[in-house]
Protein chains: 2
Amino acid sequence: MADVAESERRILVAVDEGEESMHALSWCLKNVVSQNSKDTLILLYAKPPRAVYTALDGTGYLFSSDILAAMEKYGAEVAACVLEKAKKMCKDLQQDVKVEARVENGDPRDVICQMAEQLGADVLVMGSHGYGLIKRAFLGSVSNHCAQNVKCPVLIVKKPKTNAGSK
Amino acid sequence: MADVAESERRILVAVDEGEESMHALSWCLKNVVSQNSKDTLILLYAKPPRAVYTALDGTGYLFSSDILAAMEKYGAEVAACVLEKAKKMCKDLQQDVKVEARVENGDPRDVICQMAEQLGADVLVMGSHGYGLIKRAFLGSVSNHCAQNVKCPVLIVKKPKTNAGSK
């Protein structure tokens with residue numbers, strides 16, 4: 001536990017729909033994962049609770065099961081799509097790295113912290129502004145929360161701003 | 001600028017008196033710096049403003065120049081001692097890595113963010129609880145501030161708690 005061999009690390013990367021998390025993954029593949037290593041990269045997609053569920057919780061009003069099923073299906077498709085994209089990036093940038101993918105339900109803040117612990121991650125990698133502006137307003141900054149609560153090292157990667165000349 | 005070659009990175013490591021920052025440095029040397037790389041490790045010690053200066057600012061009262069000089073000397077000695085210890089760790093863990101050391105005066109939050117920008121750091125490495133409990137009460141969490149304000153990737157490394165049986 002104390003001395004993790006450099007070549008057998010479990011690197012947990014939180015991915016979401018945003019470009020920033022893909023940039024974080026790419027940075028990690030180029031800068032943290034070493035070639036010919038036995039690192040395992042665990043891609044984690046946290047399916048955040050739909051804000052509408054929360055907003056309607058306790059009012060006695062419920063969506064029809066059709067609508068709920070459609071929303072659930074949409075969420076699962078987004079997760080699959082994000083993870084496919086992430087796995088492709090791993091293959092493109094570090095052919096040999098072992099990759100696992102997981103989808104977990106819940107508030108991304110809790111899910112990421114729990115999984116880091118449960119999977120015995122040696123390092124957690126994430127973007128700084130995941131889960132979109134609106135969800136962030138509900139959830140607070142995911143990366144802030146994780147940096148404070150996760151026990152393993154946390155690498156927060158921001159997407160560099162393009163040098164657009166706009167004001 | 002966009003594509004930094006993996007082997008020529010500028011890794012900025014914020015060090016202080018605490019064990020946690022030394023642990024962060026050690027983790028970085030083992031997990032981020034690759035052998036035979038051309039990485040440059042920049043050790044940065046931020047000399048925080050003495051709380052007493054601030055407390056007495058504007059009251060018209062001043063310490064004698066002797067006391068101020070002694071405090072200044074003590075601060076410089078601590079900085080030198082921390083940097084020596086850090087440099088030794090670099091030599092012990094990654095013989096070949098290029099190491100630079102810097103001391104900068106000011107609030108660590110500002111100093112670290114400014115230097116990350118100014119030195120074109122590719123990644124900033126730091127502990128999560130630097131600068132002691134009391135200073136943190138004045139300054140707020142340095143790592144939080146830097147994670148939010150520094151543009152480059154930030155790696156926050158916590159010192160694992162020893163499994164002491166105390167309650």
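Trainee: Is β2(A) largely enclosed or open, and why?

Mentor: In this predicted model, 8 of the 8 residues of β2(A) are buried, so the strand is largely enclosed by the rest of the structure. Buried here means under 20% relative accessible area.

Trainee: Which residues lie on each side of β2(A)?

Mentor: In a regular strand, side chains alternate between the two faces of the sheet. For β2(A), one side holds Thr40(A), Ile42(A), Leu44(A) and Ala46(A). The other side holds Leu41(A), Leu43(A), Tyr45(A) and Lys47(A). Every one of these residues is buried, and both faces are covered.

Trainee: How many bridges join β2(A) to β1(A), and how many join β2(A) to β3(A)?

Mentor: β1(A) and β2(A) run parallel and are joined by 6 bridges. Leu12(A) stands opposite Ile42(A) of β2(A). The chain passes from β1(A) through α1(A) to β2(A), and this β-α-β crossover is right-handed. With β3(A), β2(A) shares 8 bridges, and this pair is parallel too. There, Leu41(A) is opposite Val99(A) of β3(A).

Trainee: Which strand does β1(A) join through 3 bridges?

Mentor: That strand is β4(A), residues 123-127, which runs parallel to β1(A), residues 10-15. Ile11(A) has Val123(A) in β4(A) as its bridge partner.

Trainee: What is the order of strands in the open sheet?

Mentor: Read from one edge to the other, the order of the 10 strands is β3(A)-β2(A)-β1(A)-β4(A)-β5(A)-β5(B)-β4(B)-β1(B)-β2(B)-β3(B), with mixed pairing. The edges are β3 (98-105) of chain A and β3 (98-105) of chain B, each of which pairs on one side only. Ignoring direction, neighbouring strands are turned by 20° against each other on average.

Trainee: Which strands does helix α1(A) touch where it packs on the sheet?

Mentor: Helix α1 (residues 19-31) of chain A touches β1, β2, β4 and β5 of chain A, together with β4 (123-127) of chain B. The direction of this helix makes about 160° with that of β1(A). In chain B, helix α3 (residues 65-93) also packs on the sheet, touching β1, β2 and β3 of that chain. The direction of α3(B) makes about 155° with that of β2(B).

Trainee: How many residues does each chain give to the contact, and what area do chain A and chain B bury between them?

Mentor: The size of an interface is often given as the accessible area lost when the parts come together. Chain A and chain B bury about 1,800 Å² between them, with 43% of it on carbon and sulfur atoms. Each chain contributes 22 residues to the contact.

Trainee: How many salt bridges are found across the interface?

Mentor: Between chain A and chain B, the rule finds 0 salt bridges.

How values were computed: Residues are numbered from 1 along each chain as its sequence is written. Chains are lettered from A and ligands numbered from 1 in the order in which they are written. This is a predicted model: local features need pLDDT of at least 70, side-chain atom pairs count only at pLDDT 80 or more; totals for chains, interfaces and linings use all residues. Side-chain values use heavy atoms; hydrogens and water are left out. Two strands pair if DSSP finds at least two bridges between them. Helices (H or I, at least four residues) and strands (E, at least two) are DSSP runs, numbered from the N terminus. Axes are lines fitted to C-alpha atoms, for helices over the stretch in contact, and angles run from 0 to 180 degrees between N-to-C directions. Contact means heavy atoms within 4.5 Å. Buried means under 20% relative accessible area, exposed over 50%, partly exposed in between (1.4 Å probe, protein chains only). A crossover is right-handed if, with the strands pointing away from the viewer, the path from the first strand over the helix to the second runs clockwise. Buried area is the accessible area (1.4 Å probe) that two parts lose on being put together, summed over both. A salt bridge is a side-chain nitrogen of Lys or Arg within 4 Å of a carboxyl oxygen of Asp or Glu.
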